[in-house]
Each structure stands twice: as C-alpha cells, then as structure tokens.
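Work through the exercises below with the sequence and model open. Each task is followed by its solution in steps.

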Amino acid sequence: MERLGKAAPLLLAPVLALVGLVAVGDPSVWLTLTVAGLAMGLMIFIMASGLTVVFGLMDVINFGHGAFVSVGAFVGFTVLAWLSGWTQNPAVVLNLAAVFLAILASMAVTGALGLAFERVIVKPVYGHHLKQILVTMGGLIVAQQLIHVVWGPDAIHVARPPSLQGSFIIGEAAIEKYRMLAVAIGLVLFVAMRHVLRATKLGLLVRAGVENGEMVEALGYRINRLFLLVFMAGSALAGLGGIMWGLYQETITAHMGSEIMVLVFVVVIIGGLGSIEGCFIGALLVGLLSNYMAFMAPKVALVSTIALMVGVLMWRPQGLYPVVKAK
C-alpha cells in the first residue's frame with residue numbers, strides 16, 4: 001500500500017493524457033495538443049529545475065530567478081544574430097550548431113551572473129527568508145532595467161532557423177519540429193540531472209550537505225563552494241530555459257522571465273521543494289493541462305494551473321515528492 005502511494009504521482013500525467021483524449025475526442029488534435037503540452041511542460045521544467053534545487057537544497061527563496069531566464073534569452077538572441085549566416089542557411093547541421101552555441105553562451109553568461117548574484121546579493125541574507133525575497137526581487141528589477149539599457153525596451157522577434165520551422169505530419173496530426181527538439185532536450189536534461197544527484201559523488205555531497213552541512217565540512221569539503229556551484233548551475237538552467245522559451249514564443253522581452261515565473265513557482269510547489277522528479281511530473285501536468293484547456297475552454301485555461309496546484313496540495317500538502325519539508 002505504501003509503495004502504491006509513492007508510485008501514484010507517476011500515473012498522473014498518463015491519466016491526464018487519457019482524460020484529455022476522451023475530452024478532445026479527435027485523436028489527431030489530441031496528439032498535436034499532447035506534444036505541444038509535453039514541449040511546453042519540459043521547457044518549464046528546465047527553468048523550474050534550477051529553482052527547485054536552489055529553493056529546496058539551499059533554502060534560498062530566489063525571486064530573481066526570472067532575471068536569468070530573460071538574460072539567457074537575450075544572450076541567445078545575440079549569438080543567433082551573430083551567426084545569421086548559419087541560421088539563415090537551410091543546412092540542418094548549421095542550424096543546430098547555431099542553436100547549440102546560443103545555448104552554451106546563454107548558460108555560460110547566466111552561470112557567471114549567478115556567481116555574482118549569489119556572492120553579492122544572496123550570501124549576506126542566508127537564513128533570512130524575508131530579506132531574500134526583498135533583495136532578489138530588487139535584483140530582478142535591476143536586471144530588467146539593464147536589459148533595457150543594453151538591448152532596448154522593445155520586444156524583439158527571434159526567428160527560428162529554417163530546419164526548426166514547420167511541422168512533421170503524422171496521420172492528420174501536425175507536430176512542430178521545434179517542439180520535438182524541446183521535448184528531446186528536456187528529457188535528456190531530466191535524465192542527466194537525476195543521474196548527477198543520485199549516482200555521482202557531487203550529488204551525494206550536495207544531498208549530504210542539505211542533511212548535515214557541519215558533517216560535510218568536518219570531512220574536509222567546503223560546503224559554501226558546493227552550494228555556490230549549485231546556485232550557478234540553477235542560474236545556467238534558467239538561461240537555457242530562457243533561450244528555448246524565446247525560440248518557442250519567437251518574441252523576447254525584459255519581463256518574460258518574471259511573467260513565466262508564475263508557472264515556474266506552480267511547478268515547484270506541485271513537485272515538492274528540492275525534488276527533480278516531482279518538478280518533472282508537475283511540469284508535465286501543467287503543460288498538458290494548459291494545452292487541453294486552451295483548446296476546449298480558453299477562458300478556464302488561465303486558472304486551470306492554479307486549480308491543479310490546489311488539488312495536488314489538498315492531496316499532498318508538501319507536494320508530490322518533497323525532498324525538503326516546507327517550514
């Protein structure tokens with residue numbers, strides 16, 4: 001019975017997909033909506049995974065996480081603009097290489113920004129949640145204004161490379177190529193993060209540091225450096241999510257990070273603090289439900305994710321798979 005209780009959250013996404021099939025009725029439309037929901041969910045997972053690790057493992061409430069999303073999108077846009085010869089070329093290899101370099105640049109810049117953010121803004125307020133909220137919100141506002149200074153205040157159109165435009169036709173269903181790429185990247189990232197946290201010495205040290213930081217220090221490891229590395233990794237993941245979300249929406253603004261943070265926080269709360277597995281399931285639920293409801297009842301879609309979060313918390317008040325219990 002206990003095993004069934006632990007496995008129950010794993011059934012939520014498949015059950016939701018089946019309910020969606022019955023509600024939508026048309027299998028072709030359902031397939032299109034399901035792939036779109038998975039792509040949306042996995043892009044939110046990429047952004048939320050960094051936040052839940054920082055939130056749950058470091059006990060840091062980082063409302064400035066959206067700044068890394070926005071900066072990542074703008075850095076990626078700049079790299080793609082520099083590589084316009086590759087992005088406008090019909091060759092698939094050049095298109096994917098340009099996107100890959102844009103992702104690397106986004107992650108490198110936001111990871112370095114995370115280093116400065118943690119040292120200057122977050123470190124002085126460790127253990128003080130109210131101060132963390134205030135200073136990280138301030139950091140978010142400063143970052144948005146700096147984006148206005150560097151890239152201007154207007155929204156910028158980000159064109160996808162030719163090989164990522166259009167759709168695959170499966171039966172009567174149209175599956176966008178870019179969404180398939182987003183699903184692939186999201187799945188690879190989930191498997192990699194789960195492996196690092198569960199099967200490597202680094203992951204073991206991070207989890208041990210959460211349980212007993214003094215003991216890890218006594219063994220000769222610098223716990224502060226370990227958590228700084230975690231914060232930088234979380235920031236880099238936000239940057240990756242930013243450029244992918246920008247290519248998905250094909251428009252980027254300085255406020256895109258703060259706008260998507262509502263869904264990111266919903267996913268983190270549904271999944272449970274610090275849980276990569278819970279974050280993954282929560283993101284899939286949010287992505288699938290948003291797309292099904294947007295098709296069937298657009299006015300209800302706006303509140304459907306909040307209703308989902310309320311329902312999950314009534315069932316499991318700490319989220320699906322909490323690593324750290326909410327205080």
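**Exercise 1: a salt bridge between helices**

At 37% relative accessibility, Arg 194 counts as partly exposed (buried is under 20%, exposed over 50%, partly exposed in between; 1.4 Å probe, protein chains only). This is a predicted model: local features need pLDDT of at least 70, side-chain atom pairs pLDDT 80 or more, while totals for chains, interfaces and linings use all residues. Residues are numbered from 1 along each chain as its sequence is written, and side-chain values use heavy atoms, without hydrogens or water.

Task: find which residue forms a salt bridge with Arg 194.

Solution.
- Apply the rule: a side-chain nitrogen of Lys or Arg within 4 Å of a carboxyl oxygen of Asp or Glu.
- Glu 277 fits, with the closest N and O atoms 2.9 Å apart.
- Glu 277 lies in helix α13 and Arg 194 in helix α8 (residues 177–199), so the pair ties together parts 83 residues apart in sequence. Helices are DSSP runs (H or I, at least four residues), numbered from the N terminus.
- Glu 277 is buried, at 19% relative accessibility.

**Exercise 2: helix α14**

Task: compare the span of helix α14 (residues 298–315) with its expected span.

Solution.
- The expected span is 1.5 Å times one less than the number of residues.
- For the 18 residues of α14 that gives 26 Å; the end C-alpha atoms are 26 Å apart, which agrees.
- Now locate the bend: α14 turns by about 40° at Ser 304, the angle between axes fitted to the seven residues ending there and the seven starting there.
- Ser 304 is one of the buried residues of α14.

Methods. Helices (H or I, at least four residues) and strands (E, at least two) are DSSP runs, numbered from the N terminus.
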